[in-house]
Amino acid sequence: ALLELPGLIGAEYVGAGEVRRSAGDGAIGVLPQITQPYVFDADALADWATHMHQHPVFARQLVRPDPEVRSYADFVSAREWRKLGIYSAYRRLGLRGELSLHLAWDARRTAALTVHRVDRPFEERERALLETLAPHLRAAYARLAGNQEAERWRIALERGLAHAGACVLMLDADGRILGADPGAEELLHRWFGPRARAEFLP
């Protein structure tokens, strides 16, 4: 769905970035561009990371959730923007238009989605469209984050139980067998015999 967003908004690039906080410090957690061609090279990304606290939108998104779609032009003039150190990354990449949407904020991380345009600023019509899409984009991000967290817990549980000498068997709410570690597979083989393993527990 995100790959279709540039066509809807009229943008060349879409970036989804996450800053994870640890003891008060921020570290960029994911690559800031998800569309192709890839233009955020290592030097540009390092330049952006060095000056990210100067960004008038992102600096606000770091400290509190913001339900509005924002642009740096909401807070600084074009002349003030060009004086900031972070402007060097935008100048090298030729980016002129930018809109940013807060995806998530909590004590552990700030996540934002940003659309970029190279030839002109965004208009209010495009901002309004992104505002309309905002609840759906936030819900999609929450589902993605939830799935990733569940997968981390699954892996940690498997490793912990395997280390303790236990068997791991994953079932859904109906008793369907979703997965089994080698120890559980051996027990299933003993239970069901040499025939193919059943899909459900008896």
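**Close-up views of salt bridges and helix α7**

**View 1. R117 pairs with E126.** In this salt bridge (a side-chain nitrogen of Lys or Arg within 4 Å of a carboxyl oxygen of Asp or Glu), the closest N and O atoms of R117 and E126 are 2.7 Å apart. The model shown here is predicted: local features need pLDDT of at least 70, side-chain atom pairs count only at pLDDT 80 or more, and totals for chains, interfaces and linings use all residues. Residues are numbered from 1 along each chain as its sequence is written, and side-chain values use heavy atoms, with hydrogens and water left out. Is R117 buried or exposed? With a relative accessible area of 1%, R117 is buried (buried means under 20% relative accessible area, exposed over 50%, partly exposed in between, with a 1.4 Å probe and protein chains only). E126 is buried as well, at 5% relative accessibility.

**View 2. E126 also meets R125.** Here the N to O distance of the salt bridge is 3.6 Å. R125 is exposed, its relative accessible area being 57%. Elsewhere, D74, E124 and R127 are joined into one network by salt bridges that share partners.

**View 3. R70 and D66 form a salt bridge.** Their closest N and O atoms lie 2.9 Å apart. R70 counts as partly exposed, at 24% relative accessibility, while D66, at 13%, counts as buried. As a reminder, side chains of opposite charge can pair when their charged atoms come close. By the rule given in the first view, the count of salt bridges comes to 6.

**View 4. Helix α7 spans residues 182-192.** Helices (H or I, at least four residues) and strands (E, at least two) are DSSP runs, numbered from the N terminus. Which residues of α7 are buried? They are A184, L188 and F192. Seen down the axis of α7, the buried residues fall within an arc of 60° (taken from the directions from the helix axis to the C-beta atoms), so they line one face of the helix. Turned away from that buried side is a face carrying the exposed residues P182 and R190.

**View 5. Strands help to cover α7.** What covers the buried residues of the helix includes β5 (169-171) and β6 (177-180), where contact means heavy atoms within 4.5 Å. After α7 comes G193, with a positive phi near 80°.
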